[in-house]
Amino acid sequence: MKGQITLKDIKSNMRRYVIQYNQDELDEISPDKINVWNKYVEMNDEKKILIDRINKATLPYLIEGVKGTGKTLMVRSIAKELGWALVEIRCTDNTKERDLFGSQQLEGDTSYWNAGKLAVAFKGLKIYGKVIIFFDDIGNLPPEIQSMLLSLFDKRKSIDVAGQVFNVEEGEKLMIVCTSNPPIYAGVNPITEPLMSRLIGETREYPKPQINKKILDWSGIPIDIVQSPLLTVASTTYDLATKNHITYVLSPRDIEQFIEVYNDTNDIIQCINQTILIKYSDPTEKEQLRIRCQETFGVDL
(Lines give C-alpha, C1' and ligand atoms only; values in the text may rest on other atoms or scores of the structure.)
Protein backbone atom coordinates (compact mmCIF):
# COMPACT_ATOMS: atom_id res chain seq x y z
CA MET A 1 0.00 0.00 0.00
CA LYS A 2 1.32 3.43 -0.92
CA GLY A 3 2.82 5.32 2.02
CA GLN A 4 2.92 2.26 4.31
CA ILE A 5 6.29 1.54 5.97
CA THR A 6 7.26 -2.11 5.64
CA LEU A 7 9.68 -4.23 7.68
CA LYS A 8 11.98 -4.22 4.65
CA ASP A 9 12.01 -0.41 4.73
CA ILE A 10 12.86 -0.40 8.44
CA LYS A 11 15.74 -2.86 7.98
CA SER A 12 16.96 -0.87 4.98
CA ASN A 13 16.99 2.31 7.05
CA MET A 14 18.73 0.55 9.94
CA ARG A 15 21.61 -0.40 7.66
CA ARG A 16 22.28 3.28 7.10
CA TYR A 17 23.02 3.89 10.76
CA VAL A 18 26.59 4.34 11.83
CA ILE A 19 27.16 2.57 15.14
CA GLN A 20 28.86 4.83 17.66
CA TYR A 21 30.77 3.49 20.65
CA ASN A 22 31.71 5.19 23.88
CA GLN A 23 35.51 5.03 23.99
CA ASP A 24 35.54 5.17 27.78
CA GLU A 25 33.27 2.11 27.88
CA LEU A 26 35.58 0.24 25.51
CA ASP A 27 38.55 1.14 27.70
CA GLU A 28 36.78 0.11 30.91
CA ILE A 29 36.24 -3.49 29.75
CA SER A 30 40.00 -3.97 29.45
CA PRO A 31 41.42 -6.79 31.63
CA ASP A 32 43.68 -4.38 33.50
CA LYS A 33 40.68 -2.20 34.41
CA ILE A 34 38.69 -5.01 36.05
CA ASN A 35 38.05 -4.25 39.71
CA VAL A 36 38.70 -7.20 42.05
CA TRP A 37 37.97 -6.14 45.62
CA ASN A 38 39.08 -9.29 47.38
CA LYS A 39 40.83 -12.61 46.89
CA TYR A 40 38.42 -15.33 45.82
CA VAL A 41 38.66 -18.43 48.02
CA GLU A 42 37.49 -21.63 46.35
CA MET A 43 34.89 -23.74 48.13
CA ASN A 44 35.67 -26.79 46.01
CA ASP A 45 37.03 -26.81 42.44
CA GLU A 46 34.53 -24.35 40.99
CA LYS A 47 37.16 -21.83 39.89
CA LYS A 48 39.26 -24.40 38.06
CA ILE A 49 36.17 -25.78 36.32
CA LEU A 50 35.11 -22.34 35.12
CA ILE A 51 38.64 -21.52 33.93
CA ASP A 52 38.58 -24.66 31.78
CA ARG A 53 35.22 -23.69 30.28
CA ILE A 54 36.34 -20.12 29.59
CA ASN A 55 39.51 -21.30 27.85
CA LYS A 56 37.39 -23.52 25.60
CA ALA A 57 34.87 -20.69 25.05
CA THR A 58 32.27 -22.94 23.49
CA LEU A 59 29.23 -23.36 25.76
CA PRO A 60 27.56 -20.60 27.81
CA TYR A 61 27.97 -21.36 31.53
CA LEU A 62 25.44 -20.77 34.32
CA ILE A 63 26.30 -20.53 38.02
CA GLU A 64 23.17 -20.87 40.14
CA GLY A 65 23.73 -20.19 43.82
CA VAL A 66 22.84 -18.18 46.85
CA LYS A 67 23.84 -14.54 47.08
CA GLY A 68 27.04 -13.59 48.79
CA THR A 69 29.02 -16.68 47.81
CA GLY A 70 31.39 -14.78 45.54
CA LYS A 71 29.97 -15.65 42.12
CA THR A 72 30.66 -12.19 40.72
CA LEU A 73 34.05 -11.96 42.42
CA MET A 74 35.07 -15.31 40.92
CA VAL A 75 34.13 -14.27 37.38
CA ARG A 76 35.94 -10.94 37.71
CA SER A 77 39.02 -12.59 39.23
CA ILE A 78 39.25 -15.15 36.45
CA ALA A 79 38.83 -12.55 33.69
CA LYS A 80 41.61 -10.45 35.17
CA GLU A 81 43.93 -13.41 35.74
CA LEU A 82 43.42 -14.83 32.23
CA GLY A 83 43.56 -11.46 30.48
CA TRP A 84 40.02 -11.44 29.07
CA ALA A 85 38.03 -8.26 28.56
CA LEU A 86 34.84 -8.28 30.64
CA VAL A 87 31.44 -6.85 29.72
CA GLU A 88 29.24 -7.06 32.81
CA ILE A 89 25.47 -6.82 32.41
CA ARG A 90 23.54 -6.40 35.65
CA CYS A 91 20.19 -7.87 34.74
CA THR A 92 16.94 -6.45 36.10
CA ASP A 93 13.30 -6.62 35.06
CA ASN A 94 13.82 -3.08 33.74
CA THR A 95 16.60 -4.07 31.34
CA LYS A 96 15.52 -2.96 27.88
CA GLU A 97 16.46 -3.95 24.36
CA ARG A 98 18.29 -0.64 23.97
CA ASP A 99 20.50 -1.45 26.96
CA LEU A 100 21.78 -4.60 25.26
CA PHE A 101 21.63 -3.87 21.54
CA GLY A 102 21.54 -0.07 21.44
CA SER A 103 19.17 2.54 20.09
CA GLN A 104 18.74 5.14 17.40
CA GLN A 105 19.87 8.64 18.31
CA LEU A 106 19.05 11.85 16.48
CA GLU A 107 21.30 14.90 16.21
CA GLY A 108 19.81 17.59 14.05
CA ASP A 109 19.23 16.15 10.60
CA THR A 110 21.49 13.14 11.15
CA SER A 111 20.99 9.93 13.05
CA TYR A 112 23.27 7.22 14.40
CA TRP A 113 23.06 4.04 16.47
CA ASN A 114 24.26 4.27 20.05
CA ALA A 115 25.91 0.93 20.89
CA GLY A 116 24.47 -1.19 23.70
CA LYS A 117 26.38 -3.59 25.93
CA LEU A 118 26.40 -6.49 23.46
CA ALA A 119 27.57 -4.31 20.60
CA VAL A 120 30.37 -3.08 22.88
CA ALA A 121 31.33 -6.71 23.57
CA PHE A 122 31.68 -7.51 19.87
CA LYS A 123 33.65 -4.32 19.29
CA GLY A 124 35.83 -5.39 22.21
CA LEU A 125 36.63 -8.61 20.38
CA LYS A 126 38.38 -6.55 17.69
CA ILE A 127 40.43 -4.75 20.33
CA TYR A 128 41.20 -7.42 22.93
CA GLY A 129 40.61 -10.68 21.07
CA LYS A 130 39.01 -12.41 24.10
CA VAL A 131 35.81 -11.19 25.77
CA ILE A 132 33.60 -12.56 28.54
CA ILE A 133 30.00 -11.35 28.54
CA PHE A 134 28.79 -11.72 32.12
CA PHE A 135 25.03 -11.72 32.71
CA ASP A 136 24.65 -11.17 36.45
CA ASP A 137 21.26 -12.51 37.69
CA ILE A 138 20.10 -13.42 34.19
CA GLY A 139 16.78 -14.75 35.49
CA ASN A 140 15.78 -11.15 36.18
CA LEU A 141 15.59 -10.41 32.46
CA PRO A 142 12.05 -10.24 31.05
CA PRO A 143 11.17 -13.27 28.89
CA GLU A 144 11.00 -11.17 25.74
CA ILE A 145 14.56 -9.96 26.32
CA GLN A 146 15.76 -13.50 27.00
CA SER A 147 14.30 -14.58 23.65
CA MET A 148 16.43 -11.96 21.88
CA LEU A 149 19.59 -13.64 23.20
CA LEU A 150 19.06 -17.08 21.67
CA SER A 151 21.35 -16.60 18.66
CA LEU A 152 24.08 -15.27 20.97
CA PHE A 153 23.83 -18.29 23.28
CA ASP A 154 23.90 -21.05 20.67
CA LYS A 155 26.54 -22.06 18.14
CA ARG A 156 25.79 -19.02 15.99
CA LYS A 157 27.21 -16.69 18.66
CA SER A 158 25.81 -13.75 16.76
CA ILE A 159 23.61 -10.71 17.26
CA ASP A 160 21.84 -8.31 14.92
CA VAL A 161 22.53 -4.64 15.65
CA ALA A 162 21.16 -1.86 13.48
CA GLY A 163 20.78 -4.27 10.57
CA GLN A 164 24.34 -5.58 10.93
CA VAL A 165 25.08 -9.15 11.96
CA PHE A 166 27.94 -9.43 14.44
CA ASN A 167 29.79 -12.77 14.53
CA VAL A 168 32.83 -14.17 16.28
CA GLU A 169 35.60 -14.10 13.70
CA GLU A 170 38.60 -16.40 13.37
CA GLY A 171 41.16 -15.76 16.11
CA GLU A 172 38.56 -14.28 18.47
CA LYS A 173 37.11 -15.88 21.59
CA LEU A 174 33.76 -15.00 23.13
CA MET A 175 32.58 -16.63 26.36
CA ILE A 176 29.22 -16.15 28.07
CA VAL A 177 28.92 -16.61 31.84
CA CYS A 178 25.67 -16.14 33.74
CA THR A 179 24.58 -16.23 37.35
CA SER A 180 21.19 -16.72 38.94
CA ASN A 181 19.73 -17.08 42.42
CA PRO A 182 18.01 -20.31 43.50
CA PRO A 183 14.21 -20.66 43.31
CA ILE A 184 13.83 -20.39 47.11
CA TYR A 185 14.50 -16.65 46.82
CA ALA A 186 11.40 -14.49 46.66
CA GLY A 187 10.90 -12.77 43.31
CA VAL A 188 13.29 -14.97 41.34
CA ASN A 189 12.14 -15.32 37.73
CA PRO A 190 12.81 -18.53 35.81
CA ILE A 191 15.16 -18.65 32.88
CA THR A 192 13.04 -19.46 29.84
CA GLU A 193 13.24 -23.01 28.52
CA PRO A 194 14.72 -22.06 25.10
CA LEU A 195 17.50 -20.11 26.81
CA MET A 196 18.09 -22.75 29.50
CA SER A 197 18.50 -25.40 26.80
CA ARG A 198 21.55 -23.51 25.55
CA LEU A 199 23.28 -23.43 28.96
CA ILE A 200 25.44 -25.79 30.93
CA GLY A 201 26.62 -25.04 34.44
CA GLU A 202 26.56 -25.76 38.14
CA THR A 203 24.32 -25.35 41.16
CA ARG A 204 26.06 -24.11 44.27
CA GLU A 205 24.55 -25.57 47.40
CA TYR A 206 24.11 -23.38 50.45
CA PRO A 207 27.56 -23.30 52.10
CA LYS A 208 27.89 -25.72 54.99
CA PRO A 209 29.46 -24.38 58.23
CA GLN A 210 32.85 -25.90 57.37
CA ILE A 211 32.84 -24.04 54.05
CA ASN A 212 32.00 -20.73 55.74
CA LYS A 213 34.83 -21.40 58.16
CA LYS A 214 37.15 -21.79 55.17
CA ILE A 215 36.14 -18.86 53.00
CA LEU A 216 35.72 -16.18 55.70
CA ASP A 217 38.30 -14.47 57.89
CA TRP A 218 37.52 -15.40 61.49
CA SER A 219 40.57 -13.72 62.99
CA GLY A 220 39.85 -12.57 66.55
CA ILE A 221 36.36 -14.12 66.61
CA PRO A 222 35.61 -16.35 69.64
CA ILE A 223 34.50 -19.78 68.49
CA ASP A 224 32.03 -20.72 71.23
CA ILE A 225 30.18 -17.45 71.76
CA VAL A 226 30.24 -16.02 68.21
CA GLN A 227 31.42 -18.31 65.40
CA SER A 228 29.46 -21.47 66.23
CA PRO A 229 26.12 -19.78 67.05
CA LEU A 230 26.44 -17.45 64.04
CA LEU A 231 26.95 -20.36 61.64
CA THR A 232 24.04 -22.19 63.27
CA VAL A 233 21.69 -19.22 62.84
CA ALA A 234 22.78 -18.81 59.20
CA SER A 235 22.07 -22.47 58.43
CA THR A 236 18.72 -22.17 60.20
CA THR A 237 17.65 -19.33 57.90
CA TYR A 238 18.28 -21.56 54.89
CA ASP A 239 16.21 -24.37 56.39
CA LEU A 240 13.37 -21.96 57.20
CA ALA A 241 13.44 -20.50 53.68
CA THR A 242 13.19 -23.92 52.05
CA LYS A 243 10.01 -24.47 54.11
CA ASN A 244 8.68 -21.03 53.05
CA HIS A 245 8.70 -19.74 56.63
CA ILE A 246 10.98 -16.79 55.77
CA THR A 247 12.11 -15.15 52.53
CA TYR A 248 15.65 -13.98 53.36
CA VAL A 249 18.58 -16.38 53.74
CA LEU A 250 21.69 -15.21 55.57
CA SER A 251 24.59 -15.54 53.15
CA PRO A 252 28.37 -15.51 53.62
CA ARG A 253 28.15 -11.78 52.91
CA ASP A 254 25.84 -11.30 55.91
CA ILE A 255 28.14 -13.41 58.08
CA GLU A 256 31.11 -11.32 56.98
CA GLN A 257 29.20 -8.17 58.00
CA PHE A 258 28.54 -9.68 61.45
CA ILE A 259 32.26 -10.45 61.82
CA GLU A 260 33.25 -6.89 60.92
CA VAL A 261 30.77 -5.29 63.31
CA TYR A 262 31.83 -7.64 66.10
CA ASN A 263 35.50 -6.79 65.53
CA ASP A 264 34.52 -3.12 65.81
CA THR A 265 32.25 -3.39 68.85
CA ASN A 266 32.58 -6.75 70.67
CA ASP A 267 28.82 -6.37 71.20
CA ILE A 268 26.86 -9.45 70.12
CA ILE A 269 23.44 -7.82 70.58
CA GLN A 270 24.42 -4.88 68.40
CA CYS A 271 25.73 -7.29 65.76
CA ILE A 272 22.47 -9.26 65.75
CA ASN A 273 20.38 -6.10 65.42
CA GLN A 274 22.52 -4.45 62.76
CA THR A 275 23.45 -7.41 60.54
CA ILE A 276 20.69 -10.00 61.03
CA LEU A 277 17.36 -8.62 62.24
CA ILE A 278 17.63 -5.53 60.02
CA LYS A 279 17.32 -7.84 56.99
CA TYR A 280 13.77 -8.84 57.89
CA SER A 281 11.07 -6.27 57.18
CA ASP A 282 8.19 -8.66 57.83
CA PRO A 283 7.35 -8.51 61.57
CA THR A 284 6.55 -12.23 61.77
CA GLU A 285 9.82 -13.21 60.13
CA LYS A 286 11.78 -10.77 62.28
CA GLU A 287 10.23 -12.25 65.43
CA GLN A 288 11.16 -15.76 64.33
CA LEU A 289 14.77 -14.70 63.87
CA ARG A 290 14.83 -12.75 67.12
CA ILE A 291 13.79 -15.85 69.04
CA ARG A 292 16.29 -18.04 67.16
CA CYS A 293 19.15 -15.61 67.80
CA GLN A 294 18.24 -15.20 71.44
CA GLU A 295 18.20 -18.97 72.00
CA THR A 296 21.30 -19.73 69.92
CA PHE A 297 23.54 -16.90 71.13
CA GLY A 298 22.21 -17.07 74.69
CA VAL A 299 21.52 -13.33 74.88
CA ASP A 300 18.48 -11.29 75.86
CA LEU A 301 17.06 -9.44 72.87
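How many aromatic pairs does the structure hold? I counted five aromatic pairs. I note at the outset that this is a predicted model, and every value below is computed from it.

**Entry 1. Aromatic pairs**

I looked up Tyr 248 and Tyr 280 to begin with. Their rings form an edge-to-face pair, with 5.7 Å from centre to centre and 85° between the planes. Tyr 248 is in the loop between α11 and α12 (252-265), and Tyr 280 is in the loop between α13 (268-275) and α14 (283-297), so the pair ties together parts 32 residues apart in sequence.

Is each of these tyrosines buried or exposed? Tyr 248 has 21% relative accessibility and therefore counts as partly exposed; the cut-off for buried is under 20%. Tyr 280 has 1% relative accessibility, so I enter it as buried.

I then took Phe 258 and Phe 297. Their ring centres are 5.6 Å apart and their planes are at 15°, so I enter this pair as stacked. Planes under 30 degrees apart count as stacked. Phe 258 belongs to helix α12 and Phe 297 to helix α14; the pair links distant parts of the chain, 39 residues apart. Both Phe 258 and Phe 297 are buried.

I returned to Tyr 248 for its other neighbour. The charged end of Lys 67 sits over the ring of Tyr 248, at 4.1 Å from the ring centre.

**Entry 2. Nonpolar cores**

Which residues have the most contacts inside the largest nonpolar core? I found Leu 50, Val 177, Ile 276 and Phe 297, in a core of 52 residues. Phe 297 is thus listed here as well as in the stacked pair with Phe 258. Helix α11 (residues 223-242) gives the largest share of this core, seven residues. Apart from this core lies another, of 39 residues, which includes Ala 119, Val 131, Ile 138 and Leu 149. As background, nonpolar side chains tend to be buried together in soluble globular proteins.

I followed Leu 50 further. Setting aside neighbours within four places in sequence, I find Leu 50 in contact with Tyr 61, Ile 63, Met 74, Val 75, Ile 78 and Val 177. Val 177 is also among the core residues with the most contacts.

**Entry 3. Helix α3**

Leu 50 led me to helix α3, residues 46-56. Its buried residues are Glu 46, Lys 47, Leu 50, Ile 51, Arg 53 and Ile 54. I note that charged residue types are in this list, namely Glu 46, Lys 47 and Arg 53. Where do the buried residues lie around the axis of α3? They cover an arc of only 165°, which puts them on the same side of the helix.

I checked what covers them. The cover includes the strands β2 (61-64), β6 (130-136), β9 (173-180) and β10 (200-203), and also helix α4 (71-82). Just after α3, Ala 57 takes a positive phi of about 55°.

**Entry 4. Strands that cover α3**

I looked at β2 next. It runs parallel to β9, joined by four bridges, and Glu 64 stands opposite Ser 180 in β9. β2 also runs parallel to β10, again through four bridges. The bridge partner of Leu 62 in β10 is Gly 201.

**Entry 5. The three-stranded sheet**

In what order do the three strands of the open sheet lie? I read the order as β1-β5-β4, with mixed pairing. The edge strands, β1 (19-20) and β4 (102-107), each pair on one side only.

β1 pairs with β5 (residues 110-115) in the parallel sense, over two bridges. Ile 19 stands opposite Trp 113 in β5, and Gln 20 has Asn 114 of β5 as its bridge partner. On the other side, β4 and β5 run antiparallel and are joined by six bridges. In this pairing Gly 102 stands opposite Ala 115.

**Entry 6. The whole chain**

I closed with the overall values. The protein chain has 14 helices and ten strands. Its C-alpha trace spans about 80 × 45 × 40 Å along the principal axes. Of its 301 residues, 47% count as buried. Of the contacts with a separation of 6 or more, 75% are accounted for by residues 24 or more positions apart.

Note on methods: Residues are numbered from 1 along each chain as its sequence is written. This is a predicted model: local features need pLDDT of at least 70, side-chain atom pairs count only at pLDDT 80 or more; totals for chains, interfaces and linings use all residues. Side-chain values use heavy atoms; hydrogens and water are left out. A nonpolar core is a set of buried Ala, Val, Leu, Ile, Met, Phe, Trp, Tyr and Cys residues joined through side-chain atoms within 4.5 Å. Buried means under 20% relative accessible area, exposed over 50%, partly exposed in between (1.4 Å probe, protein chains only). Contact means heavy atoms within 4.5 Å. Two strands pair if DSSP finds at least two bridges between them. Rings of Phe, Tyr and Trp (its six-membered ring) pair if their centres lie within 6.5 Å; planes under 30 degrees apart count as stacked, over 60 as edge-to-face and the rest as tilted. A charge sits over a ring if NZ of Lys or CZ of Arg is within 6 Å of the ring centre and within 35 degrees of the ring normal. The arc is that of the directions from the helix axis to the C-beta atoms.
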